[in-house]
Amino acid sequence: MELYETIAARRSIRKYKEDPVPRETLDRVLEAARLAPSWCNRQCHRYIVVSDPETRKTLGELIDNPSVECYEKAPYALVLCAEPSDSGFNAGKEYYLVDCGISMEHLVLAAAAEGLGTCWVGYFPENPVRNLLGIPREVKVVAITPLGVGTMPERAAKRLFFGAFLRHPNN
């Protein structure tokens, strides 16, 4: 799929089929995330691939967003973590969040290009997820997504018209 078509076609998928996803496809999606730019190329982002059905189900129960069914049916849950010490801090901003955002965007676009669904979740109880997956205290849990063959929503969410973006007064 061409880049702009992929961007336009990508959706947050909340319903999945139980179809398997080949390991080679998962590897390509993770490679796209790994190639994301980051602060001084320090690559603070780390992904945990959860394939065990019981662990995915428990993860879905902890998150309850988008729904536990997503984590039961999609063959993978991807948990994006960061080591903040591997990123920058400047002017009161912690750049590990930017680094992770770029990496996750690469991941969801690569998944869409592969015909797979994702649903980027950033709101969840971090400590229960950390405990479930044995994530060290110094590592931040940033985002989670199911990954699998989704059932496409019938229509796209409405977006702002391009003219709604701010423009420089001289343009």
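**Exercise 1. Find out where N41 sits and what its backbone is doing.**

N41 belongs to the loop between helix 2 and strand 1. Keep in mind that you are looking at a predicted model.

Step 1: check the backbone. N41 has a positive phi of about 55 degrees, and it isn't a glycine. As background, most residues other than glycine have a negative phi.

Step 2: check the surface. The relative accessible area of N41 is 53%, so N41 counts as exposed, the cut-off being over 50%.

Step 3: look at C40. This residue is also not a glycine, yet it has a positive phi of about 50 degrees. C40 is found in the loop between helix 2 and strand 1, and at 63% relative accessibility it counts as exposed.

**Exercise 2. Describe the aromatic pairing, and work out why it matters for connecting the chain.**

Step 1: count. There is one aromatic pair.

Step 2: get the geometry. In general, a pair of aromatic rings is described by the distance of the centres and the angle of the planes. Here the partners are W39 and Y95, at 4.9 Å centre to centre with 40 degrees between the planes. That angle makes the pair tilted, since stacked would need under 30 degrees and edge-to-face over 60.

Step 3: place the partners. W39 is in the loop between helix 2 and strand 1 (45–50), while Y95 is in the loop between strand 4 (93–94) and helix 5, so the pair ties together parts 56 residues apart in sequence.

Step 4: check how covered they are. W39 has a relative accessible area of 28% and is partly exposed; Y95, at 22%, is partly exposed too.

**Exercise 3. Dissect the largest nonpolar core.**

Step 1: size it up. The largest nonpolar core has 24 residues. Those with the most contacts inside it are Y47, L78, L80, M104, L107, V142 and L147.

Step 2: ask which elements feed it. Two or more residues each come from helix 2 (23–34), strand 2 (76–82), helix 5 (96–113) and strand 6 (140–148). Helix 5 gives the largest share, seven residues.

Step 3: zoom in on L107. Leaving out residues up to four places away in sequence, L107 touches V29, L30, A33, Y47, L78, T118 and T145.

Step 4: look for a second core. Apart from the largest one lies another core, of 19 residues, including I13, Y16, C81 and C119. As a general rule, nonpolar side chains in soluble globular proteins tend to be buried together.

**Exercise 4. Sort some salt bridges by what they link: one turn of a helix, or distant parts of the chain?**

Step 1: get the total. The structure holds nine salt bridges.

Step 2: take R23 and D27. Their side chains meet in a salt bridge at 2.9 Å, N to O. Both lie in helix 2, four residues apart, which is about one turn of the helix. R23 is partly exposed at 46% relative accessibility, and D27 is partly exposed at 35%.

Step 3: take K57 and E61. The closest N and O atoms of this salt bridge are 3.9 Å apart, inside the 4 Å cut-off. K57 and E61 are four residues apart in helix 3 (residues 53–63), so about one helical turn separates them. K57 counts as partly exposed at 31% relative accessibility, and E61 does too at 47%.

Step 4: take R28 and E114. Their closest N and O atoms are 2.7 Å apart in a salt bridge. This pair links distant parts of the chain: R28 is in helix 2, E114 is in the loop between helix 5 and strand 5 (117–118), and the two are 86 residues apart. R28 is partly exposed at 43% relative accessibility, and E114 is partly exposed at 31%.

Step 5: look for something beyond simple pairs. R42, R46, E83 and D86 are linked in a network of salt bridges.

**Exercise 5. Which residues make a nonpolar surface patch, and where does L3 lie?**

Step 1: name the members. L3, Y4 and I7 make a nonpolar surface patch of about 340 Å².

Step 2: locate L3. This residue lies in helix 1 (residues 3–9).

Step 3: test L3 against the accessibility cut-off. Patch members need over 30% relative accessible area; L3 is at 48% and counts as partly exposed.

Methods
Residues numbered from 1 in each chain as written. Predicted model: local features only at pLDDT ≥ 70, side-chain atom pairs only at ≥ 80, totals over all residues. Heavy atoms only, no water. Core = buried A, V, L, I, M, F, W, Y, C linked by side-chain atoms within 4.5 Å. Buried < 20%, exposed > 50% of the residue type's maximum accessible area, 1.4 Å probe, protein only. Contact = heavy atoms within 4.5 Å. Phe/Tyr/Trp six-rings, centres within 6.5 Å; stacked < 30°, edge-to-face > 60°. Patch = residues over 30% accessible without salt bridge, like charges linked within 9 Å, V, L, I, M, F, W, Y side chains within 5 Å. Areas by Shrake-Rupley, 256 points an atom, 1.4 Å probe, with all protein chains shown as cover.
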